[in-house]
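Colleague: Please take me through this model, beginning with its overall build and ending with a single loop residue.

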Amino acid sequence: MGGRMGVSDEVDENVLLQRICGGDRLAFQVLYRAYFSRLARFLDRMTRSVPLVEEIINDTMMVVWQKASTYDGSCKPSTWIFAIAYRQGLKALRGRDEPLEPQEELPGEAGTEPDHALAARQLQRGVGRALDALPLEQRMVVSLTYYHGMAYQEIAETMGCPVNTVKTRMFHAKQKLKDMLSDHMEEMQ
């Protein structure tokens with residue numbers, strides 16, 4: 001793999017991690033860019049704090065930089081990186097003094113959007129509020145499954161728990177979401 005690496009190059013994450021072990025800053029930049037938006041979506045759902053998200057991503061990627069040599073290939077690189085982000089997120093949440101408040105979106109002007117677009121935005125906000133109302137562990141299982149496409153085994157590795165615990169958390173999350181969203185749909189009618 002000669003030449004310069006660019007963001008658009010299809011680069012194997014295992015190769016990037018090997019290069020990072022050797023102090024390759026360009027490989028680190030490529031990996032950082034590849035993961036920034038994915039981690040931001042994940043951590044936003046976890047922390048519900050935009051200012052905290054970037055700090056946690058930077059802390060996560062610092063661990064990746066420093067500990068790349070400890071990656072043993074027993075799981076996908078994404079699972080390893082998300083597990084680091086999850087632990088960094090928990091650490092940051094434990095260190096916060098202020099209560100977690102979901103960030104409210106500015107409501108749109110009711111008369112400026114077609115009815116179906118307005119209904120879709122209301123549903124999206126309802127789903128977001130319902131997810132935010134879930135306990136952290138259930139919210140993370142839903143987020144990793146539906147927003148990041150992880151299988152239960154990967155989620156178990158990321159969260160450091162048995163697969164059956166992931167399944168149980170998903171079951172309870174689905175039940176709570178179903179109840180909350182059916183209430184939301186009744187309110188919209």
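The questions and answers below deal with the fold, the core and one loop position.

Modeller: This is a predicted model, in which local features need pLDDT of at least 70, side-chain atom pairs count only at pLDDT 80 or more, and totals for chains, interfaces and linings use all residues. Residues are numbered from 1 along each chain as its sequence is written, and side-chain values use heavy atoms, with hydrogens and water left out.

Colleague: How many helices are there in the protein chain?

Modeller: Helices (H or I, at least four residues) and strands (E, at least two) are DSSP runs, numbered from the N terminus. The protein chain has zero strands, and its helices number eight.

Colleague: Which helix gives the largest share of the largest nonpolar core?

Modeller: A nonpolar core is a set of buried (under 20% relative accessible area, 1.4 Å probe, protein chains only) Ala, Val, Leu, Ile, Met, Phe, Trp, Tyr and Cys residues joined through side-chain atoms within 4.5 Å. The largest one has 48 residues, and L31, L39 and L43 have the most contacts inside it. Its largest share, ten residues, comes from helix 2.

Colleague: Is D72 buried or exposed?

Modeller: D72 sits in the loop between helix 3 (50-67) and helix 4 (77-94). Exposed means over 50% relative accessible area. Because its relative accessibility is 59%, D72 counts as exposed.

Colleague: Which side chain does a polar contact join to that of D72?

Modeller: A polar contact is a pair of N or O atoms within 3.5 Å; within protein, one must be able to donate a hydrogen and the other to accept it, and residues adjacent in sequence count only if both atoms are side-chain atoms. At 2.7 Å, such a contact joins the side chain of D72 to that of S74.
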